[in-house]
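Biologist: Before I use this model at the bench, I would like to hear the reasoning behind its labels. Can we go through them in turn?

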Amino acid sequence: MDARHLPVLLRESVEWLGAGRGGLFVDATLGLGGHAEAILEASPAARLLGLDRDPDARALAAARLSRFGDRVEIRAGNFRELERLAGDRAPFQGVLADLGVSSLQLDRAERGFSFRGDGPLDMRMGPEGPTARDLVNEATEGELVTILSEYGEEPEARRVARAIAAARRTAPIDTTRQLAEVVRGAKRPVHGEERIDPATRTFQALRIAVNEELDAVGELLDQAVRLLATDGRLVVISYHSLEDRIVKNRFRDAARGEVDPVTGRTLGETRILEVLTRKPLRPTEAEVGANPRARSARLRAARRL
Ligand SMILES: C[S@@+](CC[C@H](N)C(=O)[O-])C[C@H]1O[C@@H](n2cnc3c(N)ncnc32)[C@H](O)[C@@H]1O
């Protein structure tokens, strides 16, 4: 398997999930099926419900996992609808979410995620909903500023949004290369070792907006907690600070429970999670060396009380 397709924090995910104990697990982000395969290998008594909104990912994962027969079920859909997709199969021993885009999505220029190749400005993880092209050409300049600063933490959001608005007055921005060139032309040059492609933050912001990624993560976590068995595990790998903050805060709130407004004391029975990772787990240098995509990964794990 190509290094870019290596599953991130694989051994750690399987351990924190407690997959060796067997039972029914959800992989909410099946992707190429790397984590799913390791969960199923951890115990002959492990079973898996795998979700992905991307039909290409589901087809590849289905082929990879076919040897596990009826221990695996793959369903199409958005993990923000976990409760509906799970039907009557809960409670689960564990839920895993390895967030973000897959290497498959990033590497295929025709999916429109990457500023390195050239492809249609799409960026949808699944086949439904508006594309990045719709957003880039139809959002107001003010809306673009908000998207770029909130989801891309782009310090030059105004300059970039202004350049996009000017460029599209001449002709629609249809491709990833066109957009990357507009952004590169708008940004001031940066010097130093930490230089990344000037289009990086814009592409991240648009991808998050197109797929409503942050809302979806919050909804997933709320539902996952409700669907876990007692002692069931929730393991989430995120790749940027916006996502990790949502995970951290959701875990903290569920671990703290509700506070009695009169006495200020925690109502014990409302604590539904125990956070297992006080600090997020990071990949080792060896893992990052073998798989640069792992560099920004942070894993957080919690246990259902
Ligand atoms: C980082 S990849 C997962 C890689 C996988 N763990 C593996 O080992 O191959 C994330 C996957 O989650 C999917 N995904 C992201 N957001 C989703 C959502 N809201 N609903 C369903 N699938 C989603 C993407 O389509 C992508 O295939």
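**Reasons behind the labels**

Modeller: Start with the ligand, keeping in mind that the model is predicted. A polar side-chain atom of Asp52 lies 2.7 Å from one of the ligand's oxygen atoms.

Biologist: What makes the pair formed by Asp52 and the ligand oxygen a polar contact?

Modeller: The cut-off for a pair of N or O atoms is 3.5 Å, and the Asp52 pair is at 2.7 Å, so it counts as a polar contact. Ligand nitrogen atoms are also approached: a polar side-chain atom of Asn78 lies 2.8 Å from a nitrogen, and one of Asp98 lies 2.8 Å from a nitrogen. The ligand taken alone exposes 610 Å², of which the protein buries 97%.

Biologist: Where does the ligand sit, and how many residues surround it?

Modeller: The ligand sits in the largest cavity. Around the ligand are 23 residues, with His35, Asp52, Phe79, Asp98 and Gln105 the closest. By class, that shell has 8 nonpolar, 10 polar and 5 charged residues.

Biologist: Why is helix H2 called largely enclosed?

Modeller: Helix H2 covers residues 34–42, and 7 of its 9 residues are buried, so the rest of the structure largely encloses it. Among the buried residues of H2 are His35, Glu37 and Leu40.

Biologist: Why is Ala216 called buried?

Modeller: Buried means under 20% relative accessible area; Ala216 has 3% relative accessibility, so it counts as buried. Ala216 belongs to helix H11, residues 213–227. Its C-alpha atom is 33 Å from that of Arg169, a residue 47 positions away along the chain.

Conventions: Residues are numbered from 1 along each chain as its sequence is written. This is a predicted model: local features need pLDDT of at least 70, side-chain atom pairs count only at pLDDT 80 or more; totals for chains, interfaces and linings use all residues. Side-chain values use heavy atoms; hydrogens and water are left out. Buried means under 20% relative accessible area, exposed over 50%, partly exposed in between (1.4 Å probe, protein chains only). Helices (H or I, at least four residues) and strands (E, at least two) are DSSP runs, numbered from the N terminus. A residue is near a molecule or strand if one of its heavy atoms lies within 4 Å of it. A polar contact is a pair of N or O atoms within 3.5 Å; within protein, one must be able to donate a hydrogen and the other to accept it, and residues adjacent in sequence count only if both atoms are side-chain atoms. Accessible areas come from the Shrake-Rupley method with a 1.4 Å probe; for residues, only the protein chains shown count as cover. On a 1 Å grid over the protein atoms alone, a cavity is a set of points where a 1.4 Å probe fits but cannot get out, and a pocket is an open set with protein on both sides within 12 Å along at least five of seven lines; lining residues have an atom within 4 Å of a point. A molecule sits in a cavity or pocket if more than half of its atoms lie within 2 Å of its grid points. Ala, Val, Leu, Ile, Met, Phe, Trp, Tyr, Cys and Pro count as nonpolar, Asp, Glu, Lys and Arg as charged, and the others, Gly among them, as polar.
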